[in-house]
Amino acid sequence: MPRTRRMRFATRTLLLQLATVVLVVALCTGVYLVLATQQLRAEAESSALGIARTLAEDPELRAAVAEESADPGPPRAELLRDGDLQRTATATANRTGALFVVVTDDHGIRLAHPDPGRLGQEVSTPFQEVLAGHEVVEWETGTLGESVRAKVPVRDAAGTPVGEVSVGFARAGVFDDLPPLLAVIGLAAAGSLLVAGIGALLLRRRWERLTLGVQPEELVALVQNQTAVLDGVDDGVLAVDAEGVVRVCNAAAERLLAVRDAVGRPLDRIGLPDPVRDVVSAGRALSEAVVDGRVLYLDTRPVERDGRPLGTVAVIRDRTELVALSERLETVRTMTAALRVQRHEFANRIHVAAGLLDAERVQDAREFLAELAERGSVDFPVPGIARLRDPFLRSFLGAKALEATERGVTLRISEETHLLGAVSEAEDVAAVLGNLVDNAVSAAVDGAPPRWVEVAVLDDRDALVVTVADSGAGLDGAEDDGGATDDGAADDGAADDGAADDGAADDGAADDGTDSAGPVHGHGLGLRLSREIARRGGGDLWVIDRGGEAHGAVFAARLGGVVAPARSIGPAPLPGSAPRPGDEQDGEPSDEDESR
């Protein structure tokens with residue numbers, strides 16, 4: 001069986017409103033009619049009573065009624081037709097529009113009546129209560145039909161009731177004003193229904209516009225789905241309407257952005273970090289920001305329905321662990337490349353020794369192997385690499401040098417390098433130093449030959465201080481000629497014009513981790529994350545020199561708590577190999593260490 005299509009909620013609401021208005025108007029009309037009818041009845045009763053009282057107080061009428069009542073015999077009808085009482089009653093009825101004016105004696109005999117043929121006869125309605133001295137107002141049916149009548153006793157000079165005056169108004173005459181009143185009430189009711197109908201239609205349109213045509217059942221489903229989706233995922237969802245007010249902020253978004261009670265408040269008043277607020281306000285499609293040491297990926301999209309802009313929705317993902325894993329993999333890749341080079345060189349050496357033995361040049365082979373044992377492991381082709389005693393830095397910078405050589409750039413170690421300890425936090429050092437070197441190599445590639453990158457490494461107790469210079473065009477030069485900057489993004493805010501020559505960190509040194517042109521060398525992090533990593537250990541990252549004609553930009557970074565004393569984790573020499581300058585023996589520092 002085909003499913004019957006339900007009436008839309010807005011239509012049902014419209015019909016319900018119309019039915020309610022019709023009911024209210026009907027009730028009001030009925031009440032008004034009842035009140036109007038009661039008012040007309042009361043006015044007719046009051047008029048009849050007033051006329052009857054006036055006639056009952058007329059001295060001539062009182063005297064005539066008293067005289068007729070005193071006559072023991074029945075009154076004669078032919079005398080009453082032309083009598084004063086009949087003329088007075090008829091004139092009063094004509095003047096006031098009453099249906100009748102009847103005068104009786106103390107026995108209820110008609111002394112005046114609109115129908116002369118009924119004169120001298122007893123009235124058809126009760127009169128005993130009136131003759132007892134009471135005024136009576138009631139609706140009764142007599143010989144002239146139904147009417148409202150007022151009966152007032154006529155008293156003699158002594159005050160004794162000697163008759164009555166009865167004044168009546170026909171029922172039809174009482175409600176003569178009711179049809180026009182009904183017409184007015186009907187017009188008012190019709191006008192009320194018309195206004196209510198127009199209001200209901202406008203309200204229906206307003207409802208449809210506010211709910212975007214979504215029915216209540218669909219709204220319930222949407223709320224259920226939204227609750228299930230927003231609370232069931234680890235991604236943060238932040239929705240802002242067209243006026244900049246936060247409408248949705250799930251628990252994950254509050255946790256990642258470090259905000260609370262954001263729903264219903266303007267975006268710029270919930271304490272969002274500046275990078276996140278700028279990204280959401282600008283509606284960038286893809287962007288990244290660092291918040292409290294976390295790398296957040298923001299996918300921001302505008303929301304529209306039927307061409308009407310509704311606001312912006314930002315999906316926030318925590319990429320901290322992914323970035324950390326990427327850095328670990330990058331470090332492993334670099335070290336693997338270094339080991340591959342060493343393996344290749346070692347294989348070449350073994351081939352030389354095997355060749356000497358095959359040629360029966362045993363003495364030459366022995367001298368060659370002794371020389372290898374004295375020289376130690378394979379050295380990387382990095383000028384000044386001997387100044388680095390730390391095995392991790394030697395391997396890491398050696399691998400970076402091989403990559404730079406493939407791009408036509410020479411990486412060298414500065415003469416100012418002076419490292420007594422050994423690196424204990426390889427991941428942080430690889431992340432910061434790797435980004436600086438990669439950015440410098442890219443800048444040098446875009447510069448004029450000779451292309452070089454120079455790295456200086458110093459330790460200050462448990463802190464590692466590195467500086468990276470290059471032969472590129474510098475920050476200002478790269479921005480002018482449209483080339484790549486040292487950090488890969490001109491708007492990284494690498495340094496302002498007042499970048500300290502004394503090495504003081506500038507808050508604007510690395511103000512952004514990404515560039516509109518894209519991520520930095522595939523990392524997508526840039527200097528901002530490097531600075532966050534450095535600051536996490538109490539250090540910082542800044543620009544010493546923006547560059548000029550002699551060299552490109554010079555970056556510096558200080559990482560706290562990443563260096564341990566050499567005696568703690570220093571590498572042991574290979575068995576049978578001669579100790580190299582600076583190597584430790586038996587856990588004791590060398591003479592060179594003592595001299596330093």
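Two strands are said to pair if DSSP finds at least two bridges between them. Helices (H or I, at least four residues) and strands (E, at least two) are themselves DSSP runs, numbered from the N terminus. The model discussed here is predicted, with local features requiring pLDDT of at least 70 and side-chain atom pairs counting only at pLDDT 80 or more, while totals for chains, interfaces and linings use all residues. Residues are numbered from 1 along each chain as its sequence is written, and side-chain values use heavy atoms, leaving out hydrogens and water.

The chain contains 18 helices and 17 strands. Of its 596 residues, 41% are buried, where buried means under 20% relative accessible area, exposed over 50%, and partly exposed in between (1.4 Å probe, protein chains only).

One open sheet deserves a closer look. Its 5 strands follow the order S11-S13-S14-S16-S15, and their pairing is mixed. Strands S11 (410-413) and S15 (540-545) stand at the edges with a single partner strand each, so one side of each has no neighbour in the sheet. On average, neighbouring strands of this sheet are turned by 20 degrees against each other, direction ignored; axes are lines fitted to C-alpha atoms, for helices over the stretch in contact, and angles run from 0 to 180 degrees between N-to-C directions.

The sheet can be followed from one edge to the other. S11 pairs with strand S13 (residues 452-460) in the parallel sense over 4 bridges, and Leu 411 stands opposite Val 453 in S13. The pairing of S14 with S16 is antiparallel, over 6 bridges, with Thr 467 opposite Ala 556 in S16. S15 and S16 are also antiparallel partners, over 5 bridges, and here Asp 545 stands opposite Val 554 in S16. Because 5 of the 6 residues of S16 are buried, this strand is largely enclosed by the rest of the structure.

Helices accompany the sheet. Helix H14 (residues 426-445) lies across S11, S13, strand S14 (463-470), S15 and strand S16 (554-559), and runs at about 10 degrees to S14. Contact, in this description, means heavy atoms within 4.5 Å.

Aromatic rings come next. Rings of Phe, Tyr and Trp (its six-membered ring) pair if their centres lie within 6.5 Å; planes under 30 degrees apart count as stacked, over 60 as edge-to-face and the rest as tilted. The whole structure yields 1 aromatic pair. Phe 392 and Phe 396 form this stacked pair, with 5.6 Å from centre to centre and 20 degrees between the planes. Both residues lie in helix H13, 4 residues apart, about one turn of the helix, and both are buried.

Another ring, that of Trp 452, has the charged end of Arg 412 over it, 4.3 Å from its centre. A charge sits over a ring if NZ of Lys or CZ of Arg is within 6 Å of the ring centre and within 35 degrees of the ring normal.

Finally, the backbone has some unusual places. Most residues other than glycine have a negative phi, and most peptide bonds are trans. The peptide bond from Pro 449 to Pro 450, however, is cis, with omega near -5 degrees; Pro 450 lies in the loop between H14 and S13. Arg 461, although not a glycine, has a positive phi of about 60 degrees. Arg 461 is found in the loop between S13 and S14 and counts as exposed at 79% relative accessibility.
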